[in-house]
Amino acid sequence: MNHSPIIRKIITLEFLAYLVVLVIAAALRFSSLGALPLTDHEASLGLQALRLSRGEQIMLSGEPGYIALTTFLFYLFEPTDFTARFWPALAGTLLVLIPLLYRERLGKTNALVLAGFFALDPLLIGVSRSAEGSMLALLGLLAALGFASRRQPLWCGLALGLALAGGPALWPGVIILIVTLLINRKIFRQVDGRSLWMAATTAGVTLVVLSTLFLTNVGGISSFGSSLVEYWISWSSKSSTSLPGIVVAWGLSSLPVLVLAVWSLIQGLVRGDARVKRLGLSAGAALVLVLANPSRQLFDLFWAGVPLLTLAAIKLVELFLNLKSDNRLVVIAETFLVVALVVFSFMNAVNLVNNPTMNQEEYRNRIIGVVLPLILLMGMTILLAWGWSGVSTCKGLVLGVVLLAVFFTLANSVKAASLGSQPENEIRRDSGLAVGSEELLTTIHDISRARTGIENLIDVQMIALEIPSLEWALRDFEQAGSASVFNPATTPSIILTSADQQITAGTSYRGQRILWQVHPDLKNMKVLDWLKWSLFRDAPVEKTEIILWARNDLFPGGSIP
């Protein structure tokens, strides 16, 4: 029997394109996923999952989906930085398949381009590589809406249950959805009561089963209510990141997409395109909701990013469909000129940013090097359009700009995946990167091996340190504990304190200062700092230091007085 027609029908060009996008998304989300230590925010959730996996009874925060799934993973495998981030990375990878659910509404080409945007968007990559429930909430809600539009209530309910277990990050998406539905009330007339009941029941069962870890931790169901409480409380707290800092960081990392999205929105509003209006409304509502929240975080802007990415995808496809060419040589020449001259101008601009103290003559030459290529490009473009073909020149110009935009986006995608030269300066949720984790553990392991023969058997006490990332780093030490104040009557082998804290003990200790965390100082960054950050992730940082105190007799020749 000849199966080749069937194979050809299944393995289409579109299928292969989605497969390539899926592989790219997975590479950007899973590459070196466990190379960096968890931040305080990630570690606080990872520690809850770790304690549950060890059978401890604890109070859970409002992210039942992430905690339950990670607890299950910790049961099966070692609790590592990789396993702590596994589920968000998997959800972020599967997100690129969501446009398939909207294929009929968006169009085949638009859906495929949107999948590519999902794969490469720096903000979505950053959220996907963070050990929290935000990506679970986004994937679940978008999947639920997609299955609902395809009239598949069972799958809709399963996806909605996952979204409801996603934690506080879900609620901005729910509010945006409610606002959109209230404005477009005709959607309610299309709702089938029986399907709605089936979807709601399935969502409730999924939420209960997931948040209670298959009914093994009944207390987990209360985490759903906690997520709403945590989101409500966030409106009375204050973020350490300034509003201008968030806007600039987002704008610099997603500039090509934002330009395309605004262009698409303006044209759509002029034409009266209902689809563009709905997407613009969703993006606007998300921006207001996120930026108005005093505890705003850059990561929360992914709710605005989804409709903006959709608008950008629509505009990019429309741009290429409307472009025609009658002279391929002119297209190639114009494309080459755009790429070459803009790159040359950019390199001179980089030199300006890197060398602000250059003398006046060098400064003038660099300014000329920035401006002259752009003037030359403008002149050559006019000559090609006038002397040969305006249509082909326009297509070459667009192709060149798109190639530059793709390169720009890829560069930011790699940085967002923490694969750049300074991953510690990537903007994360709420806390800095524990850059001192390796130094601390290496030191303690060496002391422990010398004293006990086993690298994690020595006793360690943390004094007045409420740093979840530090507690997570010491998770494998059986004799690790914490106290609010140091008891001079005790003689722990190793003591960890803040940099400004001194200990008074009856035995002598040697101290070693360790840089534990760094965090980009977004509040005090100037224009030049932002330019350096966008190009090289070079930025002024805030630092958190700790001191490792080791008892004197642990060292060769040392003794307790």
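## Tour of a strand group and a pocket

Begin by selecting residues 460–463, strand E1, and residues 480–483, strand E2; the two pair in the parallel sense over four bridges. The model is a predicted one. Within this pairing, pick out Val-460 and look across to E2, where the bridge partner is Ala-480.

Next, add residues 468–473, which form helix H22. Together with E1 and E2, helix H22 makes a right-handed β-α-β unit.

Now select residues 494–498, strand E3, which runs parallel to E1 and is joined to E1 by three bridges. Return to Val-460: in E3, the residue opposite is Ile-494. Val-460 therefore serves as a landmark for both pairings, with Ala-480 in E2 and Ile-494 in E3.

Leave the strands and turn to the second largest pocket, which holds about 1300 Å³ of space. To centre the view, select Pro-256, Leu-404, Ala-405, Val-406 and Phe-408, the closest to the pocket centre of the 41 residues that line it.

Which helix should be shown next, as the source of the largest share of this lining? Select H20, residues 390–416; H20 contributes 13 lining residues.

Then bring in the other helices that each supply at least two lining residues:

- H2 (13–30) and H7 (108–120)
- H15 (255–271) and H17 (302–321)
- H18 (328–354) and H23 (527–536)

Finally, colour the lining of the second largest pocket by residue class: 35 residues are nonpolar, four are polar and two are charged.

Note on methods:
Residues numbered from 1 in each chain as written. Predicted model: local features only at pLDDT ≥ 70, side-chain atom pairs only at ≥ 80, totals over all residues. Heavy atoms only, no water. 1 Å grid on protein atoms, 1.4 Å probe; cavity = no way out; pocket = protein on both sides within 12 Å on 5 of 7 lines; lining within 4 Å. Points joined across faces, edges and corners; volume = space filled by probe spheres on them. Nonpolar A, V, L, I, M, F, W, Y, C, P; charged D, E, K, R; others polar. Pairing = 2+ DSSP bridges. Right-handed = clockwise from strand over helix to strand, strands pointing away.
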